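Q: Hi! I'm new to this one, could you walk me through it?
A: Happy to; let's put it on screen.

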Amino acid sequence: GRYKVANITHPEVRRMFIHYFRSTVRRYADHPGFGGIEWWMNFGTWTGLDCGYDDYTVNAFARATGTRVPEKPQERYELLTKEPARSKWLKWRSEQVTEFIREMRDMLDEYNPALRLNLAIKQRADLYAEKGVDLAAIERVKDVTLVAERQPTSYRWHSFWGKPEPT
């Protein structure tokens, strides 16, 4: 891919994310001004089908599904982006993201079950499957709220100031 992303399938990455959020939750869980956390799902999900073909991820997929996957990354990509393997690959990736969301929810419950877990998600439903987002599965995780991802005003200003308005 064009840039590196956190590999949500890897246990060390999951621990890192949980530790990051836990450090705040531990401190503020019972504070009346703290209602929970919001996770922007573009951090920790795949950018699309262009990433996720590293040895760890592909081997975990192969073990979980019994799918034989080639050694070379380009051959992996060719296999996993075409049917019949594509459906299994996308489903497995989304299961990894959903399981991580459950782990996040469990961590919040350790400190205060009333805390909210808000998942900010881009409004591009056509890309959800390729990014590992299964809305139906996520909605079944207790006490999780999906919210539309919004960019801060400064980001929008820097992105569009002095440029023609889109039509």
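**Getting to know helix α4**

Q: Where is Ser 94 found?
A: Ser 94 belongs to helix α4, which covers residues 85-111. Helices here are DSSP runs of H or I with at least four residues, strands are runs of E with at least two, and both are numbered from the N terminus.

Q: Is this a predicted model, and how are things counted?
A: This is a predicted model, where local features need pLDDT of at least 70 and side-chain atom pairs count only at pLDDT 80 or more, while totals for chains, interfaces and linings use all residues. Residues are numbered from 1 along each chain as its sequence is written, and side-chain values use heavy atoms, with hydrogens and water left out.

Q: Back to Ser 94: buried or exposed?
A: Ser 94 counts as buried because its relative accessibility is 8%. Buried means under 20% relative accessible area, exposed means over 50%, and partly exposed is in between (1.4 Å probe, protein chains only).

Q: Which residues is Ser 94 in contact with, leaving aside neighbours within four places in sequence?
A: Those are Gly 132, Val 133 and Asp 134. Contact means heavy atoms within 4.5 Å.

Q: New topic: what is the mean pLDDT of the chain?
A: The mean is 87, and 87% of the residues reach 70 or more. pLDDT is the predictor's confidence in each residue, from 0 to 100.

Q: Which elements have the lowest and highest mean pLDDT?
A: Helix α7 (residues 153-160) has the lowest, at 66, and helix α2 (residues 55-65) the highest, at 96.

Q: And how many salt bridges does the structure hold?
A: There are 9. A salt bridge is a side-chain nitrogen of Lys or Arg within 4 Å of a carboxyl oxygen of Asp or Glu.

Q: Which residue forms a salt bridge with Glu 103?
A: Arg 14 does, with the closest N and O atoms 2.7 Å apart. This pair links distant parts of the chain, as Glu 103 is in helix α4 and Arg 14 in helix α1 (residues 11-28), 89 residues apart.

Q: Are those two buried or partly exposed?
A: Glu 103 is partly exposed, because its relative accessibility is 26%. Arg 14 is buried, with a relative accessible area of 10%.

Q: What about Lys 91 and Glu 95, where do they lie?
A: Both are in helix α4, 4 residues apart, about one turn of the helix. Their salt bridge has its closest N and O atoms 2.3 Å apart.
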